[in-house]
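Thanks for making time this morning. I would like to walk you through one chain, and I suggest that you keep the view open while I talk.

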Amino acid sequence: MSLYFRRLFNRRSPAGLVEISSNILVFDQCFSMDMLEEDELKPYIGGILKQLLARYSIDSLMVFNFEGGKKNSQTARIFSGYDMSAMGYPRNYEGCPLLTLEMIHHFLRSSESWLSLSQDNFLLIHSEHGGWPVLAFALAALLVYLRRCKDERKALETIHKYAPPGLVELYSPLNPAPSHLRYLKYVSRRHKSPELWPPADRMLNLNCAIIRTVPNFDGQGGCRPIFRIYGPDPLAPNDSSAKVLFSTPKTDDFVQLYTQEDSEIIKINIRCPVRGDIVMECVSVDEDFKHEVMVFRVMFSTAFVEDNLLLLDRDQIDILWDTKHRFPVDFRVEVIFSEIDATTSIHTSEPSSESESNHITDAASEQNGLNNVHDGFDVISMQETEISNGTPEHNIPDSRSVQTSQMEPENIHSSAPEAESVGPTIQDRELSVDAPKFEDDNDAIADTSSSQEAESVGPTSQEDELAENASAGEESEGSTTNSTANSDAQLADPPGTEADAATAEHSDANSESGSPSGSASSSSPKFDEDTEEAGTADAEVQSIELEGS
């Protein structure tokens, strides 16, 4: 009997400690609303450790301390004074009283390994002031992990029974139970496939968040939602520190009022790559964008996102303690993801919602860069295009010929065949009349040869010069024979004769020669040949004179 009471006495927890489960001891100060002063903390912890070390070996104790990220805290120094080393864990993750999945795994595996080594090993757990919410989750996760409690909600409720009502509300402005239960379900999945837990983090693209039924946060049945996304840099796997991955800018272009009367859903485009543990916040701002009120907060892990969709009702989001009535019964949040192709480059968002506009600008610039390639064609400026279009084929610096070819291209091509058919007879007769002038006037011959070398300069100007020379020759006294021949031909030939037809053709040719399009293609190519046959034309004119006499 005495041995029994001795064992029972030894199993009792020392004063100041609460045994949550077998060999899991927690300092009772963690369940109290009273805060110990610094000068009170050392006597409190020191007194408990002395009692504990009087019963158990120091090698049988593993100490955890939820210190809130403090390095070399007062509690840690107190433990080190007793040759005990405490493993520290943070009290929150981006404002949410939770641990990341990696830290949860470390805490659970370390605890399980230590307890499995010996039935005389103990876990000694302490938390700094304000660390009760995350401590409650850690203890509930340990019960689920060790299979000492099968239901996640029941495990969390069991831990909260050790604390007075209102302790969580004192240290957490939002009710963290929904996110706690979500991560407890992550822990319970370890029992289904221990070898695959925890799963590797997935990199996903958070496309948008859709709110169905508008909550009332402006007092009139509406809200102006703003979203913020926190998490590790998806492109820096070695950096686990959380950063602001997305934040809606407070401008009229991105923030607008949604009311229950006018809107059934709210869609917020995010388009942000995420990986690992993510905290998503939704706040509502006033009309001046100066005051914010928290609508809801959600913490999740991308490793457990199924079918690229996360569905949340109003009981699955962390909200302020007294705002549940602001959410309609059918309130729901849909977070939509998409896979990220590893072969494509990913541009991380800036710490503001300008990331969306930056992504659009980058995409547009990349598209413009592709369009500027032109499939091998060079880009020519408008000025160069105008110059190239205005330049003739043989680079002739005569602006008149260029203008003629641009203004009347159809007349050039259509009049060319007609001029060629009529040209030989007309040109022969014309040149036979002007032959004496060419022989006496060397300048006219020089003009003729120069017109041959520049065919496309403007045959019209050359014809005009020839016509002027011919008229001058008729008025001179040295061309008596030609003038007599022309006058005799006009008197001798009655209407309808060959001479009259030739004269008509000659006048038609002269009228056509006044047009740039008519003479440009007919007279110039045959000018040398007609000049060589001037003697033959002169003989024909003389025969006409004899017939007239």
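Let me begin with a question: which residues are linked in a network of salt bridges? They are Arg212, Arg332 and Glu334, and I should say straight away that this is a predicted model, so everything I quote today is computed from predicted coordinates.

Staying with charge for a moment, the count for the model comes to 10 salt bridges. One of them is formed by arginine 189 and glutamate 306, whose side chains meet at 3.5 Å, N to O. That pair links distant parts of the chain, since arginine 189 sits in the loop between helix 8 and strand 6, while glutamate 306 sits in the loop between strand 13 and strand 14, 117 residues apart. Arginine 189 counts as partly exposed at 30% relative accessibility, and glutamate 306 is likewise partly exposed, at 48%.

Another salt bridge joins arginine 202 to glutamate 339, with the closest N and O atoms 2.5 Å apart. Here too distant parts of the chain are linked: arginine 202 belongs to the loop between helix 8 and strand 6, glutamate 339 belongs to strand 15, and 137 residues separate them. Arginine 202 is partly exposed, with a relative accessible area of 25%.

Now to a charged residue that behaves otherwise, and here I would ask you to find glutamate 281, in strand 12, which covers residues 277-285. Glutamate 281 is buried and yet has no salt bridge. Why does arginine 228, the nearest side chain of opposite charge, not count as a salt-bridge partner? Arginine 228 is 4.4 Å away, and a salt bridge requires the nitrogen and the carboxyl oxygen to be within 4 Å, so the pair falls outside the cut-off. Arginine 228 is nevertheless among the residues that glutamate 281 touches, and that list also includes Glu94, Tyr230, Phe296 and Arg297.

Strand 12 belongs to an open sheet of 4 strands, in the order 9-8-12-13, with antiparallel pairing. Strand 9 and strand 13 stand at the edges, each with a single partner strand, so one side of each is left without a neighbour in the sheet. On average, neighbouring strands of this sheet are turned by 20° against each other, if direction is ignored. Helix 8, residues 177-188, packs on the sheet and touches strand 12 and strand 13, its direction making about 5° with that of strand 13. Strand 8 and strand 9 run antiparallel and are joined by 5 bridges, and within that pairing arginine 228 has serine 247 in strand 9 as its bridge partner.

That brings me to the nonpolar interior. The largest nonpolar core has 105 residues, and Leu124, Trp132, Phe227 and Phe296 are those with the most contacts inside it. Helix 5, residues 132-145, supplies the largest share of this core, 13 residues. Phenylalanine 296 has contacts that include Phe227, Ile317, Phe331 and Val333, and also glutamate 281. A second, separate core of 8 residues includes Leu174, Ile226, Val283 and Phe289.

Finally, please look at strand 2, residues 24-27, which is covered on both faces: Ile24 and Val26 on one side, and Leu25 and Phe27 on the other, are all buried. Strand 2 forms a hairpin with strand 1, with 2 residues between them, and asparagine 23 in the turn has a positive phi of about 65°. Strand 2 also pairs with strand 5 in the parallel sense, over 3 bridges, and valine 26 stands opposite isoleucine 125 there.

Key:
Residues are numbered from 1 along each chain as its sequence is written. This is a predicted model: local features need pLDDT of at least 70, side-chain atom pairs count only at pLDDT 80 or more; totals for chains, interfaces and linings use all residues. Side-chain values use heavy atoms; hydrogens and water are left out. Buried means under 20% relative accessible area, exposed over 50%, partly exposed in between (1.4 Å probe, protein chains only). Lys and Arg count as positive and Asp and Glu as negative; His and the chain ends are not counted. Contact means heavy atoms within 4.5 Å. Two strands pair if DSSP finds at least two bridges between them. Axes are lines fitted to C-alpha atoms, for helices over the stretch in contact, and angles run from 0 to 180 degrees between N-to-C directions. A nonpolar core is a set of buried Ala, Val, Leu, Ile, Met, Phe, Trp, Tyr and Cys residues joined through side-chain atoms within 4.5 Å. Lists of a residue's contacts leave out its neighbours within four places in sequence.
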